[in-house]
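Thanks for making time for this; please bring the picture up on your screens, and I will go through it slowly. I would like to start from one loop and then work outwards to the rest of the chain.

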Amino acid sequence: MGLKPIGDRIIVRREAAEEKTSGGILLPDTAKQKPQQGKVIAVGPGKPTDKGDRLPLGVKVGDTVLFGKYSGSDVEVNGTEYKILREGDILGKVVK
């Protein structure tokens, strides 16, 4: 991937939108909502402190995270859509 986060930023690839409802109704593209969870693809080195040290992030590559509907920035690299978030935009990790 040609994208590397800086500071406390995290790059997430969204999961695919649901194709049908729990009742079995197929959803057209206009009715599909973008999911608010995705897999962490890359993490930055962490937020710098006043002393110049870096605070480690609470997520790592491969984690599945939940984020707010309007948080972060959407970017497209080589035809793939990603979301760039700050660590504070992440609501939680999905634990399996």
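Proline 45 lies in the loop between strand S2 (37-43) and strand S3 (47-48), where strands are DSSP runs of E with at least two residues, numbered from the N terminus. Before going further, I should say that this is a predicted model, in which local features need pLDDT of at least 70 and side-chain atom pairs count only at pLDDT 80 or more, while totals for chains, interfaces and linings use all residues. Residues are numbered from 1 along each chain as its sequence is written, and side-chain values use heavy atoms, with hydrogens and water left out.

Back to the loop. Proline 45 is partly exposed, with a relative accessible area of 47%; on this scale buried means under 20%, exposed means over 50%, and partly exposed is what falls in between, with a 1.4 Å probe and protein chains only. Setting aside residues up to four places away in sequence, proline 45 touches Pro5, Ile6, Gly7, Arg54 and Leu55, a contact being heavy atoms within 4.5 Å. One of these, leucine 55, is 10 residues away along the chain, and its C-alpha atom is separated from that of proline 45 by 8.1 Å.

Is glycine 46, which is also in the loop between S2 and S3, buried or exposed? Glycine 46 is buried, with a relative accessible area of 0%. Again not counting residues up to four places away in sequence, glycine 46 touches Gly7, Asp8, Arg54, Leu55 and Leu57. Glycine 46 and arginine 9 are 37 residues apart in sequence, yet their C-alpha atoms are 7.6 Å apart in space.

Now the chain as a whole. The protein chain has zero helices and eight strands, and of its 96 residues 26% count as buried. Among contacts with a separation of 6 or more, 61% are between residues 24 or more positions apart.

How are the strands arranged, and in which order do they form a sheet? Six strands form an open sheet in the order S6-S7-S1-S2-S5-S8, with antiparallel pairing, and two strands count as paired if DSSP finds at least two bridges between them. S6 and S8 stand at the edges with a single partner strand each, so one side of each is left without a neighbour in the sheet. For one of these edges we can look at the pairing itself: S5 and S8 pair in the antiparallel sense over three bridges, and the bridge partner of phenylalanine 67 is isoleucine 90 in S8.

Those two residues bring us to the interior. The largest nonpolar core has nine residues in all, namely Ile10, Val12, Val40, Leu57, Val59, Val65, Phe67, Leu85 and Ile90; such a core is a set of buried Ala, Val, Leu, Ile, Met, Phe, Trp, Tyr and Cys residues joined through side-chain atoms within 4.5 Å. S1 and S5 each supply at least two residues of this core. In soluble globular proteins, nonpolar side chains tend to be buried together. Valine 59, leaving aside its neighbours within four places in sequence, is in contact with Ile10, Val43, Val65, Ile90 and Lys93.

Finally, the charged pairs. The structure holds five salt bridges, each being a side-chain nitrogen of Lys or Arg within 4 Å of a carboxyl oxygen of Asp or Glu. Aspartate 74 and arginine 14 form one through their side chains, at 3.7 Å from N to O, and this pair links distant parts of the chain, with aspartate 74 in strand S6 (residues 73-77) and arginine 14 in strand S1 (residues 9-14), 60 residues apart. Aspartate 74 is partly exposed at 47% relative accessible area, and arginine 14 is partly exposed at 22%.

Which residues meet aspartate 63 in salt bridges? Lysine 60 does so at 3.4 Å, N to O, and lysine 93 does so at 3.7 Å, N to O. The pair of lysine 93 and aspartate 63 links distant parts of the chain, with lysine 93 in strand S8 (residues 90-93) and aspartate 63 in the loop between strand S4 (54-55) and strand S5 (64-67), 30 residues apart. Aspartate 63 is buried, with a relative accessible area of 11%, whereas lysine 60 is exposed at 53% and lysine 93 is partly exposed at 44%.

Key: Helix = DSSP H or I, 4+ residues; strand = E, 2+ residues; numbered from the N terminus.
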